[in-house]
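Got your viewer open? Let's take a walk through this one together, one selection at a time.

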Amino acid sequence: MGEVLDLDCVVVGGGVVGLAIARRLAMAGREVVVLESEPLTGSITSSRNSEVIHAGLYYASGSRKAELCVKGRDALYAYCRARHVPHRQCGKLVVASDPDEVAYLEKLLKQAAANGVDDCYLIDAAELHALEPQITGHAALFSPSTGIIDSHGLMDAYIADIEAHGGTIVVNSPLLSGELTANGLNLSVGGNDPFTANARLVVNSAGLEAWSVSENLAGLDPATIPHRSYAKGNYFALSGKAPASRLIYPVPEPGGLGTHLTLDLAGQARFGPDVEWVEAPNYDVDPARSEKFYAAIRKYWPHLKDASLQPAYAGVRPKTVGPEGGGGGDFIIQGPQVAGHQGYVALYGIESPGLTSSLAIADEVWRLISE
């Protein structure tokens with residue numbers, strides 16, 4: 001493999017969170033190299049989601065998700081405005097399809113307020129009809145600060161910031177193995193141009209592969225590596241005009257937020273994700289799953305026509321809690337003190353709202369390595 005490179009900071013994973021972390025490090029004056037195993041950055045989890053800017057309603061108070069979503073949302077809107085990243089603060093309605101679900105909306109309103117989301121309010125069926133005539137329900141919770149974003153436009157802006165501050169992104173470069181040393185980490189990198197390197201700091205932001213990266217580091221205490229589960233989410237696209245101008249969410253289901261209606265910036269509607277627990281990531285969408293989609297969607301949009309949904313795409317959430325644990329789970333961000341080495345930071349379970357939280361997660365990583 002030739003000479004051993006001497007590197008300052010290596011970020012493993014070129015998804016939206018890895019890029020945000022690399023940007024934060026580069027802008028702080030560190031020399032940064034991003035290792036991305038795929039031919040393109042952001043081509044796995046970061047490009048297989050709803051592209052929603054989440055307000056921070058659902059997450060348990062005091063959790064990393066709650067704190068970083070709210071901080072990240074505000075930072076992300078400011079960043080998008082400053083950098084002209086395409087986005088729209090369109091708002092979201094969480095709809096109670098039957099009277100029994102209204103109590104959940106009241107509980108969610110209190111949860112939102114506890115998380116610092118103070119702009120939500122409840123509306124009745126008449127107000128819901130006035131806002132979105134095709135959507136039916138007994139009541140709804142309106143979240144004005146929810147929005148949508150061009151995730152690839154965001155990642156392009158992060159990459160521009162990284163490169164403007166001297167950082168480098170290397171694609172087709174999977175991290176094969178490593179070893180913790182007194183001065184940092186020795187790394188073996190594969191791909192078209194394999195190399196070895198010594199790095200003073202390694203940030204593992206490899207998403208679905210974060211567990212494998214840690215498992216392949218000699219000297220790392222395996223007890224620091226948490227449980228791993230995969231929750232697949234399937235999406236279906238709507239042929240025809242979207243029935244609403246805002247995002248429409250049902251009452252959540254275990255492991256996810258329910259089969260919701262989201263919009264892209266062109267106004268095209270898509271539905272999903274559902275929750276399908278899988279043993280290993282795969283991205284095939286079974287057309288037969290549309291039967292459950294039709295039933296779920298018609299609870300809040302009864303006029304959905306037969307044969308109007310087509311398989312779109314699927315994503316897989318890297319989760320630290322499986323269905324037996326309720327399917328929730330929190331972000332796990334291990335600084336050097338918890339990871340057990342002064343040169344290693346590891347992130348696990350960075351699923352939704354990871355995109356919304358990306359700038360706040362990057363700030364948190366910087367705080368942990370600066371302690």
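Into which domains is the protein chain divided? Colour residues 4-47, 152-227 and 328-370 and you have domain 1; give another colour to 92-144 and 229-319 for domain 2. Keep in mind that you're looking at a predicted model.

**Stop one: the two domains**

Zoom out for a moment. The centres of domain 1 and domain 2, taken over C-alpha atoms, are 32 Å apart. Now look for where the domains touch: 11 residues of domain 1 are in contact with eight residues of domain 2.

**Stop two: helix 3**

Next, select residues 102-114, and you've got helix 3. Its 13 residues reach 19 Å from the first C-alpha to the last, close to the 18 Å expected at 1.5 Å a residue.

Show the side chains. Which residues of helix 3 are buried? They are Leu105, Leu108 and Ala112. Looking down the axis of helix 3, you'll find its buried residues within an arc of 60°, so they line one face of the helix. Here's the handy rule behind that kind of pattern: an α-helix has 3.6 residues a turn, so residues three or four places apart point the same way.

Spin round to the other side of helix 3, and you meet Lys107, Lys110, Ala113 and Ala114, which are exposed.

What covers the buried residues of helix 3? Select 92-96, 121-124 and 139-143: the cover includes these stretches, which are strand 5, strand 6 and strand 7. Before you leave, click on Gly116, which follows helix 3 and has a positive phi, near 90°.

**Stop three: a three-stranded sheet**

Now pick out strands 3, 8 and 4. They form an open sheet in the order 3-8-4, with antiparallel pairing. Strand 3 (52-53) and strand 4 (87-88) are at the edges with a single partner strand each, so one side of each has no neighbour in the sheet.

Zoom in on strand 8, residues 147-149: two bridges join strand 4 to this strand, and the two run antiparallel. For one pair to click on, try Arg88 and its bridge partner in strand 8, Ile148.

**Last stop: the cores**

Select Leu57, Phe271, Tyr300 and Leu309. These have the most contacts inside the largest nonpolar core, which has 46 residues. Centre on Tyr300 and look at what it touches: among others Val95, Ile135, Ile248, Pro250, Leu261 and Phe271. Apart from this core lies another, of 41 residues, including Val11, Ala26, Ile333 and Leu368.

How values were computed. Residues are numbered from 1 along each chain as its sequence is written. This is a predicted model: local features need pLDDT of at least 70, side-chain atom pairs count only at pLDDT 80 or more; totals for chains, interfaces and linings use all residues. Side-chain values use heavy atoms; hydrogens and water are left out. Helices (H or I, at least four residues) and strands (E, at least two) are DSSP runs, numbered from the N terminus. The expected span of a helix is 1.5 Å times one less than its number of residues. Buried means under 20% relative accessible area, exposed over 50%, partly exposed in between (1.4 Å probe, protein chains only). The arc is that of the directions from the helix axis to the C-beta atoms. Contact means heavy atoms within 4.5 Å. Two strands pair if DSSP finds at least two bridges between them. A nonpolar core is a set of buried Ala, Val, Leu, Ile, Met, Phe, Trp, Tyr and Cys residues joined through side-chain atoms within 4.5 Å. Domain bounds come from an automatic or database domain assignment.
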